[in-house]
Amino acid sequence: MTRRRTQQSTDGNLTLIDCDIHQRWKDDSEVVQYLPDRYKDRGIQAPEILYDNVAEFSRRDAIPDDGSKPGSDIPKMKEQHFEEYGVDYAVLTGNSYLNLTALPNDDYAAELAVASNKWAIDRWLSEGGAFVGSLLAAPQKPNRMAEMIRTLGQHPRVVQVVIPMAAQLPYGHEYYWPMYEAAEEMDLPIAMHPYTESHGVTRPPTGAGHPRTYFEWHTLLGTYAMGQLVSLVSEGVLSSFPDLNFVVIEGGLSWVPHFLWRMDKNWKALRAQVPYLDKPPSEYVTDQVRFTTQPIEEPDDPQHLLQIMEMMNAEETVMFASDYPHWDTDSPLYALPPMPEEMEAGVMAGNAQELYGLPDDPASLPTN
Amino acid sequence: MKKRFEICPAAELPPGKREITELNGVSVGVFNVDGDYYALKNDCPHQRAPLCMGKVTGTTAANRSGKVDWTDDGHILRCPWHGWEFDIETGQSVFNPHKVRARTFETTVESSEEEHDNESNARSTADCCDCGASGDEPPVDTYEVAVEDEVVVVYL
């Protein structure tokens, strides 16, 4: 366990952008007020995760003084996380995704997404400071989401769209393309975050089927991301939307070199099936996809992880994420191995700053 | 030479309760497990999270027939980050007791050294020990003072 060298900026450069911070409401009514009248009585009705986590889902030490849920209290978050670690920007990613893709009613799912985004803008992004955020999208309703991206996406502190890792179809399918078109037009990357796998109308969380335990589900988080990424590459999403970026959140990293090598090998032999690609598939990923670190793998020898980061060109492709305030928060100071200077600068802040187009001074970013 | 710290009257730390306090600049969690007292550094060896704020719980063990038992209830401290399990008595992790362990400190219950001075001193010792008790408690009667003569002490 080695402490990171840097913590606070001394030269005006950003030193820490945390790419996965979960904010939530204290009470459902905060979001229900933004729902259309036809859904106000229904409120927020999304299935909870079916995999029990014996280590609990949120950190006990992150419970606010008023006893409300971790992640619901701005002063607590600032004091415990931003000030403690010197977070320059916190990319808010939402409240466990509401399990939107689990809902069979696509209209209700889309309106829940819109309502939660209006709440996030009013309650969190208007605070300014370190906060930048994501628009949650319900991929069941691509045209409605495209419209939302073009309107709410104009907020200066909205920096990406986030979709649940699991859906009814692999994300390369043309059904979803209207969302991608809107996101590219608005210059917003699309992030994928796990949670909804196996819930409601989505697919099982592993290729082998429905596992019994959270242990299994969490161990294989990266494999679901692989399924979505190979679809996005092979169906031509990355080549058709060359200015669109994707972010894989909460999938870890170490599978990425394996995944890229296998795609490139297969492309040499099976290129005829993926004629939309005019360069090796790995290059699309390296150019257009970013990976967040958490939950980072922890080999006995941290050098082995560093080697994997080198294999995937981490100085340009990897972005730090803590997952605050969830149970497996990775410490900005202790989670990652010591890195060469250029890689550390990219991973801890530079890559996210470039991807999201963030100014050096967070205070200069408008709040409305 | 270890330094002696009086944490609080034993009666204020009943079984199942904990007190997190700073001793010599070190954050320490003091636990009462079934009437025995233990202290651990509030610092997880994994990523240095505040270990002592975690859940006090038990754990599972599978016997040879494959039956799963719930064991050590109340003796396991689970870190609030990442959920690593530690034996509160020894500080040893459950998954690798010999290599991964939280730091522990000697903890006893003994008479307060300050009780021998005079009555006002003894009371001030109790007052400055914040065990989460409300400040609106009724005045301490003679009987309660006798109970609180015993204090939880940590050496580090």
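This report describes the fold of chain A, its sheet and the surroundings of one loop residue.

The structure is a predicted model, in which local features need pLDDT of at least 70 and side-chain atom pairs count only at pLDDT 80 or more, while totals for chains, interfaces and linings use all residues. Residues are numbered from 1 along each chain as its sequence is written, chains are lettered from A and ligands numbered from 1 in the order in which they are written, and side-chain values use heavy atoms, with hydrogens and water left out.

**Overall fold**

Chain A contains 14 helices and eight strands; helices (H or I, at least four residues) and strands (E, at least two) are DSSP runs numbered from the N terminus. The C-alpha trace spans about 55 × 45 × 45 Å along its principal axes. The radius of gyration of chain A is 19 Å, which agrees with the value near 21 Å for a compact globule of 368 residues; this radius is taken over C-alpha atoms, and the globule rule is 2.2 Å times the number of residues to the power 0.38.

Of the 368 residues, 59% count as buried, a term for under 20% relative accessible area, with exposed meaning over 50% and partly exposed in between (1.4 Å probe, protein chains only). Among contacts (heavy atoms within 4.5 Å) between residues at least 6 apart in sequence, 81% join residues at least 24 apart.

**The sheet**

The eight strands form an open sheet with parallel pairing, in the order S1-S2-S3-S4-S5-S6-S7-S8 of chain A. Two strands pair if DSSP finds at least two bridges between them. Strands S1 (17-21) and S8 (318-319) of chain A stand at the edges; each has a single partner strand, so one side of each is left without a neighbour in the sheet. Selected pairings are listed below.

| Strand pair | Bridges and sense | Opposed residues |
|---|---|---|
| S1(A) and S2(A) | three, parallel | Ile21(A) and Leu92(A) |
| S2(A) and S3(A) | three, parallel | Val91(A) and Val132(A) |
| S5(A) and S6(A) | three, parallel | Ile190(A) and Phe246(A) |

Strand S2(A) is covered on both faces: Tyr89(A) and Val91(A) are buried on one side, as are Ala90(A) and Leu92(A) on the other.

**The loop after S2**

Asn95(A) lies in the loop between strand S2 (89-92) and helix H4 (106-123) of chain A. Its relative accessibility is 16%, so Asn95(A) counts as buried. Leaving aside residues up to four places away in sequence, Asn95(A) touches Gln23(A), Arg24(A) and Trp25(A).
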